[in-house]
Amino acid sequence: MTKRQRRAQLLDAARDLIRDSGTDEFTLARLAERAGVTKPLVYDHFGDRSGVLAELYRAFEERRRETLARVLDATPPELGAVADVVAAAYVDCCLAEGRELADVVAALAGSPALSAVRREAEEAYLRMCREALEPLAGPIDAAALPAIVGAGDALARSALADDMTAEDAAATLARVVEAVVTGTRPTTEEG
């Protein structure tokens with residue numbers, strides 16, 4: 001197996017292990033056992049437990065950006081359509097990862113390594129959103145863009161908890177995206 005293939009195998013095994021047992025039970029020794037490799041090999045690839053968790057998060061964010069790029073390529077250049085696919089891709093990716101992603105983020109809470117990884121990933125994702133939306137909506141207030149991620153995370157958590165459907169989460173996030181990029185306040189039913 002090449003180093004890249006082995007790394008992918010280890011990340012797949014780590015995802016399975018977290019899905020089965022959660023992050024509290026996640027250790028490099030258990031990862032090595034699950035993957036059928038030696039513990040030093042796992043250390044060689046990731047350094048420590050936080051390294052594995054950070055790589056899982058990076059891999060998720062990469063898949064999220066790839067998904068967004070793919071759906072944007074097939075979307076007509078209309079603000080509503082682009083906001084819809086940005087929102088749907090965000091929610092769908094979170095739901096596809098399931099609770100494992102939330103467990104990984106929680107396990108790394110307060111970690112300087114994760115803070116840097118999250119900031120880097122968020123900036124890359126929002127840059128993609130800005131590049132897709134700005135030609136349709138005009139200049140976008142950079143300070144408002146993180147609202148997309150905050151709302152997306154909250155809505156995805158609600159969908160994962162079965163407090164709302166994935167469709168409702170995506171539709172709500174699409175309204176947030178449009179409000180953020182146009183600088184308007186979303187309207188409520190009352191006014």
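**View 1. The lining of the largest pocket has six nonpolar, no polar and 12 charged residues.** Keep in mind that this is a predicted model. The pocket you're looking at, the largest one, has a volume of about 430 Å³. It is lined by 18 residues, and Leu11, Glu55, Arg58, Ala59 and Glu62 sit closest to its centre.

**View 2. Helices H1, H4 and H7 around the largest pocket.** Helix H1 (3–21), helix H4 (49–73) and helix H7 (112–137) each chip in at least two lining residues. Which helix gives the most to this lining? That's H4, with eight residues.

**View 3. Now for the second largest pocket, with a volume of about 320 Å³.** Its lining is made of 19 residues, and nearest the centre you'll find Cys94, Leu101, Val105, Arg118 and Asp153. Two or more lining residues come from each of H4, helix H5 (79–97), helix H6 (99–107), H7 and helix H8 (146–160). H8 has the largest share, five residues. Sorted by class, this lining has 12 nonpolar, one polar and six charged residues.

**View 4. A close-up of Cys93 and Cys94, neither of them in a disulfide.** How far is the sulfur of Cys93 from the nearest cysteine sulfur? That nearest sulfur belongs to Cys94, and it is 7.1 Å away. A disulfide needs the two sulfur atoms within 2.5 Å, so this pair doesn't count. The count of disulfides comes to zero. Are these two cysteines buried or exposed? Cys93 counts as buried because its relative accessibility is 10%, and Cys94 is buried too, with a relative accessible area of 7%.

Technical notes
Residues numbered from 1 in each chain as written. Predicted model: local features only at pLDDT ≥ 70, side-chain atom pairs only at ≥ 80, totals over all residues. Heavy atoms only, no water. Buried < 20%, exposed > 50% of the residue type's maximum accessible area, 1.4 Å probe, protein only. 1 Å grid on protein atoms, 1.4 Å probe; cavity = no way out; pocket = protein on both sides within 12 Å on 5 of 7 lines; lining within 4 Å. Points joined across faces, edges and corners; volume = space filled by probe spheres on them. Helix = DSSP H or I, 4+ residues; strand = E, 2+ residues; numbered from the N terminus. Nonpolar A, V, L, I, M, F, W, Y, C, P; charged D, E, K, R; others polar.
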